[in-house]
Amino acid sequence: MNAGTASSEETSVHGQEAGNAPRHVAIIMDGNGRWAIKRGLPRVAGHRAGAEAVRKILKAAVRAGVEVLTLYAFSSENWRRSEEEVSDLKGLLGFYLERELDELDRQGVRLRLIGDHMAFGPQLVERLERAVERTAGNDRLTLVVALNYGAQSEIVSAARRLAAKAATGKLDPDAIDEAHLNAELATHGLPELDLLIRTSGEKRLSNFLLWQAAYAELLFIDTLWPDFDEAAFGAALAEFGGRQRRFGGR
Ligand code: FPP
């Protein structure tokens, strides 16, 4: 269905019409390891190539007018990987930040973090926080990087904060609704998630944005993350544009 032919029934209660471009896109960047193994390379080579794909897709998202791009860079379960791989991923993140910060700033990208990034050690934490501060005034695109993030723990923390408010009498438990919980999530204030992409053929959410994905369109793509390029991103946006979003309505 094209935007021009969308009927009034297809205009959702969320104020979006079929055929619209997504405002908020999230990506589970999967397949770096397989990409490397296929080439007889160490896994870190796949992550390096994955970081290059991040650079390309970020540019493509800015060009496409996407407002928020949320990337799953390190899950709370990724600590189970070998010490060497965790250290490689941390090193790569620091290197990417150092190398790309000027460019991010120039492109009008604001960096925001979700998850418990404090676990990454003082040097990387400092670099991350400096990047967040430096880009705080930018408004072309918000790049949300999920680091040491897990959705269930995010929801538990939100519930805990609401419970604390209720316990001190600041909040009536019967008045708690979706908006209250939403406001306590790490993603508070961002536009609703429209499109969630996972690369590499896996069809799972893996504890990523479980609450936020309630009405998102899900797109599972076979391409391994390092091979996910601007054309693939464009095709994903086109697929989103062609879907009819109902939000539980008709
Ligand atoms: C999944 O591939 C990918 C990750 C766990 C890390 C994602 C990190 C990057 C793309 C690089 C750095 C990020 C930024 C934001 C600069 P996998 O290793 O699970 O692949 P596999 O399933 O094929 O083993």
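## Basis of the model

Helices (H or I, at least four residues) and strands (E, at least two) are taken here as DSSP runs and numbered from the N terminus. The model is predicted, with local features requiring pLDDT of at least 70 and side-chain atom pairs counted only at pLDDT 80 or more, while totals for chains, interfaces and linings use all residues. Residues are numbered from 1 along each chain as its sequence is written, and side-chain values use heavy atoms, with hydrogens and water left out.

## Surroundings of the ligand

The helices α1, α2 and α3 each contribute at least two residues to the shell around the ligand. This shell comprises 16 residues (a residue is near a molecule if one of its heavy atoms lies within 4 Å of it), and the closest are Met29, Gly33, Arg34, Arg43 and Arg81. By class, the shell holds six nonpolar, six polar and four charged residues, where Ala, Val, Leu, Ile, Met, Phe, Trp, Tyr, Cys and Pro count as nonpolar, Asp, Glu, Lys and Arg as charged, and the others, Gly among them, as polar.

Polar contacts to the ligand are pairs of N or O atoms within 3.5 Å. A polar backbone atom of Arg34 lies 2.7 Å from an oxygen atom of the ligand, whereas Arg43 places a polar side-chain atom 2.9 Å from a ligand oxygen atom and Asp30 does so at 3.1 Å. Of the 620 Å² that the ligand exposes when taken alone, the protein buries 91%, with accessible areas from the Shrake-Rupley method and a 1.4 Å probe.

## The largest pocket

The ligand sits in the largest pocket, in the sense that more than half of its atoms lie within 2 Å of the pocket's grid points. A pocket is an open set of points on a 1 Å grid over the protein atoms alone where a 1.4 Å probe fits, with protein on both sides within 12 Å along at least five of seven lines, and lining residues have an atom within 4 Å of a point. The volume of the largest pocket is about 790 Å³, and 38 residues line it, those closest to its centre being Met29, Asn32, Tyr72, Ala73 and Phe74.

At least two lining residues come from each of α1 (32-38), α2 (43-64), β2 (68-75), α3 (83-106), β3 (109-114) and β4 (141-149), and α3 gives the most, with seven. The lining divides into 23 nonpolar, eight polar and seven charged residues.

## The second largest pocket

The second largest pocket has a volume of about 340 Å³, and among its 16 lining residues Asn182, Glu192, Trp211, Gln212 and Ala214 are the closest to its centre. Helix α6 (residues 178-184) supplies the largest share of this lining, three residues.

Technical notes. Points joined across faces, edges and corners; volume = space filled by probe spheres on them. Polar contact = N/O pair within 3.5 Å; in protein donor to acceptor, adjacent residues only side chain to side chain.
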